[in-house]
Amino acid sequence: RWRGSWWGWLGSHWAEVSEETLNKRLYEFTRDATYDTSKGPALWMPDRHKLANLKHALQAVLLIEDEVETPSWADGRTTGTLVACANGLLDIRTRELMPHSPLYFNVVHTPIMYDPSATCPVFANFERSLWPTDDGTSRTVRQMLGYLVSGRTDLQSVFGLIGAPRGGKGTISWLAAQLLGASATPLSQADLGETFG
């Protein structure tokens, strides 16, 4: 329970769980539950009131304080910046790949497998086609993508891709969405002028 919402572990990251889904899971989990009586075990027989009491108790036991930011370790340990890849938690400074852990409270992950020997000549050629001279733009784009994938929000940055048509903006936005999976929502300047922009 964090900031008024329930969260569920999905094997590589945490995702918000709706009240309806939580109710379904609690009914399924307690369907055959028993408790001890003086006459022996008795069925608990979950109902709306019993589940409300159970959720109230779980809320107290499972509460993560509002001040906790993601990503962070629930047990208080500190590590370098980690990226939740499909095959583990990657420390981007040491390039160490650790197993996923529900103790790491992260809500951003990439569906990409980390492979230390991987190269991307297609992207390198794409960058050279956009910026044939090394003016630092390519490095900045890579830093932007790295920041997005890391799940960090401490820089409180918004990235804007500004340039001429056919200048690579759409391809870079598409690449960011692929790296971030379902957690990506690219916006255009026009989107910001809409309701809820």
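Student: Two strands pair if DSSP finds at least two bridges between them, so which residue stands opposite M98 in β8?

Tutor: L89 does. Strands here are DSSP runs of E with at least two residues, and helices are runs of H or I with at least four, numbered from the N terminus. The model is predicted, so local features need pLDDT of at least 70 and side-chain atom pairs pLDDT 80 or more, while totals for chains, interfaces and linings use all residues. Residues are numbered from 1 along each chain as its sequence is written, and side-chain values use heavy atoms, leaving out hydrogens and water.

Student: How many bridges does β7 make with β8?

Tutor: Strand β7 (residues 88–91) and strand β8 (residues 97–98) pair over 2 bridges, in the antiparallel sense. Their hairpin has 5 residues between the strands, and R95 takes a positive phi near 65° there.

Student: And what faces L89 from β6?

Tutor: A84 stands opposite L89. β6 and β7 are also antiparallel, with 4 bridges, and the hairpin that joins these two strands passes through 2 residues. L89 of β7 thus stands opposite A84 as well as M98 in β8.

Student: Moving towards the N terminus, how do β3 and β4 run?

Tutor: Strand β3 (residues 34–37) and strand β4 (residues 40–43) run antiparallel and are joined by 4 bridges. T34 has L43 in β4 as its bridge partner. The hairpin between β3 and β4 has 2 residues.

Student: What about α2: how far does that helix reach?

Tutor: Helix α2 covers residues 48–62, which is 15 residues, and spans 20 Å from its first C-alpha to its last. That is close to the 21 Å expected at 1.5 Å a residue, taken over one less than the number of residues.

Student: Which atoms come together at the start of α2?

Tutor: A side-chain oxygen of D47 lies within 3.1 Å of the backbone nitrogen of H49.

Student: New topic: which residues lie nearest the centre of the largest pocket?

Tutor: They are Y114, C120, R142, L145 and L179, out of 27 lining residues. A pocket is an open set of points on a 1 Å grid over the protein atoms alone, where a 1.4 Å probe fits and protein lies on both sides within 12 Å along at least five of seven lines; lining residues have an atom within 4 Å of a point.

Student: Which elements supply that lining?

Tutor: β6 (82–85), α3 (121–130), α4 (137–150) and α5 (169–180) each supply at least two residues. α4 gives the most, with 6 residues.

Definitions and conventions
Polar contact = N/O pair within 3.5 Å; in protein donor to acceptor, adjacent residues only side chain to side chain. Pairing = 2+ DSSP bridges.
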